[in-house]
Amino acid sequence: MKFTDGYWMMREGVRASYPAEVLDVDAGTGSFVVHAPVQRIRHRGDLLKGPVVTLTCSSPMRDVVGVTVTHFAGERAPRPEFEVAADPDVAATVAVDDDAVALTSGDLTVRVARGEEWRVEFLAGGRRLTGSGSKAMAVIDTDDGRHYVREQLDLGVDHFVYGLGERFGPLVKNGQSVDIWNADGGTASEQAYKNVPFFLTNAGYGVFVDHPGRVSFEVASEAVARAQFSVEGQSMRYYLIYGPTPREILRKYTALTGRPARVPDWSYGLWLSTSFTTSYDEETVTSFIEGMARRDLPLSVFHFDCFWMREFQWCDFEWDPRVFPDPPGMLRRLKDRGLRICVWINPYIGQRSPLFEEGRARGYLLTRPNGDVWQWDKWQPGCAVVDFTNPEAREWYAAKLDALLDMGVDCFKTDFGERIPTDAVFFDGSDPERAHNYYTYLYNQTVFELLRKRRGEAEAVVFARSATVGGQRFPVHWGGDCESTFEAMGESLRGGLSLGLSGFGYWSHDIGGFEGTPDPALFKRWIAFGLLSSHSRLHGSHSYRVPWLFDEESVDVLRDFTRLKMRLMPYLAGAARQAYGEGLPMMRAMVLEFPGDPACTHLERQYMLGDDLLVAPVFSADGQVAYYVPDGVWTHYLTGEKVQGGRWVRERHGFDSLPLLVRPGAVIPEGAVDDRPDYDHADGVTLRVYELADGARVTTEIPAPAGGGTAASFVTSRDGAAVRVAAEFTGGADVSWNVLLAGVRSVARVEGGTAAEHEQGTLVHAAGPQIAITLEDR
């Protein structure tokens, strides 16, 4: 929200008060409180005036400082609040002298000056990260009776801001105005389904505004050298998080707000949907699945979208008997084919649903202040909203889903959750403005926890559209309703990268776009992008997405990239472990991996998949693509061709290809199975070694499947001409493994295995737990 009229004046009807000096300090153990009048105190008469801004600083964990700015402290305790973790053993220290009061947590210090000018500074590693100076922090009143708290933090000339949820505009947020307010607005506007009041910078820090309602960000927009954020009310709390790297910022932010759960291996396979408004019954579904099998197209999950239920009765969680007369039998037949089953749900109850009266009678629906059920006609006639702040309503809703799990359903697409009214009454007394974004957290938590309870740890997965802070705990999320255009494909990628920079580990999108029908060229380009995303789904609005309806080449492209992803599962499992163990996204903006490379600052048409694979989707029918390669000698994964980095590259790719480059020095584990994702990834694995430098030592971990199997750890090292690989396996039977020295056409000697020629180098089959390879002199 903008408060000023240019640089010098406030907007009409807006009055701001700024802390002017430190009046006094209350220093405690690990925290301090500063009282700051908004005018200089020259005599006792000035002590009779207000406002006084109260600034409280503390630390919930190392390298994180919490700052609370308060005007009136008499507000009722707000509800809801985000769940924010705290380390009880954090050792923050407070120092007070004549010049300043400072709190230090780990390597981060917040310092409030006690001189003639108001100044708050954040310092780390011997340098100033950012700060809030004159007329930056403010309490603001308006003529219409509203009250706001605002903060502004300095931005340097080369400081850039990322995150704020899944946003479809430019990846760098400088120059943008962003309201944290969930909306069902598609992927082509400033609205977003997943709003997160957290940003990170390339300047060593991130900021999380701990407010679940509307937070307005003006990022180098209202004040072009400042990142501004404001909330309506009398108080605002934010956390400044020191990295110093973007990866460390994300690790610490997700330690505060929660890390993604581990999802089942089968979820990484290809999902096929009925699409939305298309006509389908069991015969249609069976024809799709049999068509995929005849064409040798691996399929893991089949999804039934809205019309598995009868029209105007969403949601009643009952199969439409006119088209699905035998749901248990149908699901059993599908599962006999090795498929998992997903069904669409949402948190709204149409008036014709039998659950409407049941929910109304029990008090499980949002109401208006006069006690009426809150209803409108958008989406479903007489649509009501389940009140997830009521524990009994959550149990009621979960019980309906539980019956579907008994029937054979494996997971749910938790659609919607954005259009939550602000003129409704919530069971627990939540402030509707604060509950609007937070609602999706309760909704997805309800469904995810049911799945976890019924299916077990690491077997729960949803396909969610809406989210806010903490929603990353309940994966997976997809990008919402995009058009079937190359432009929308680009929007989707920007949204996914932005979400990944906001603490979310997994992300997907509708291959080919949702609205409209893609032409074959777009569909095939989107397939390559979709199968090199963390999760991959074929889904549309009014047209099917089975590939043979586009052209026969689409079938071949889908087969090639699906099988490629299945072979990459040992590598993807390692990237996923970073997601649920460290809070790092599987799909990463280039700046996350290369923060020191200025060329990566604004890159938004390419990404890193895990640590070591660079993916540059092709956004053109003719295959022309331009992408940036960081320093070093990179290798095309599909062809073995070398690419010298530190420059932009232009190439033309057929539909069966795209730029998929391996980072120099990487060891990529490739699996031996290409028709399913849920296999013993360590058995038969091939370690593909690329441009290993002299003196390098690389550890490759392959997690055991959640249901049991083999875990593997490999250490690959090079000392001059000697390359050694040592393997350690736990939890499984004897397994086979191999090493591919990419780009090495012959070797002088092999101990512990046998060498053979390979189209991309030399392949060594291991005979035991260690291999020693002597390279030929060049």
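**Close-up 1. Five strands make up an open sheet in this predicted model.** Reading across the sheet, the order goes S38-S39-S43-S46-S45, and the pairing is mixed. Strand S38 (667-670) and strand S45 (753-758) are the edge strands, each pairing on one side only. From one strand to the next, the twist averages 25°. As a reminder, strands of a sheet pair through backbone hydrogen bonds, in either a parallel or an antiparallel way.

**Close-up 2. Here we zoom in on the pairing of S38 with strand S39.** Strand S39 covers residues 685-689, and S38 pairs with S39 in the antiparallel sense, over four bridges. Which residue of S39 stands opposite Glu-670? That's Thr-686.

**Close-up 3. This view shows the largest cavity, with about 50 Å³ of space inside.** Searching the whole structure turns up five cavities of 30 Å³ or more. The lining of the largest cavity includes the glycines Gly-496, Gly-500 and Gly-505, along with Phe-504, Tyr-506 and Trp-507. Also on the lining list are Leu-499, Ser-534, Pro-585, Met-586 and Met-587. Which helix gives the largest share of that lining? Helix H7 (residues 486-500) does, with three residues.

**Close-up 4. Tyr-7, Trp-8 and Met-9 make a nonpolar patch on the surface.** The patch made by these residues comes to about 520 Å². One of them, Met-9, also belongs to a strand: Met-9 lies in S2, which runs over residues 9-10.

Key. Residues numbered from 1 in each chain as written. Predicted model: local features only at pLDDT ≥ 70, side-chain atom pairs only at ≥ 80, totals over all residues. Heavy atoms only, no water. Patch = residues over 30% accessible without salt bridge, like charges linked within 9 Å, V, L, I, M, F, W, Y side chains within 5 Å. Areas by Shrake-Rupley, 256 points an atom, 1.4 Å probe, with all protein chains shown as cover. Salt bridge = Lys/Arg side-chain N within 4 Å of Asp/Glu carboxyl O. Helix = DSSP H or I, 4+ residues; strand = E, 2+ residues; numbered from the N terminus. Pairing = 2+ DSSP bridges. Axes fitted to C-alpha atoms, helices over the stretch in contact; angles between N-to-C directions. 1 Å grid on protein atoms, 1.4 Å probe; cavity = no way out; pocket = protein on both sides within 12 Å on 5 of 7 lines; lining within 4 Å. Points joined across faces, edges and corners; volume = space filled by probe spheres on them.
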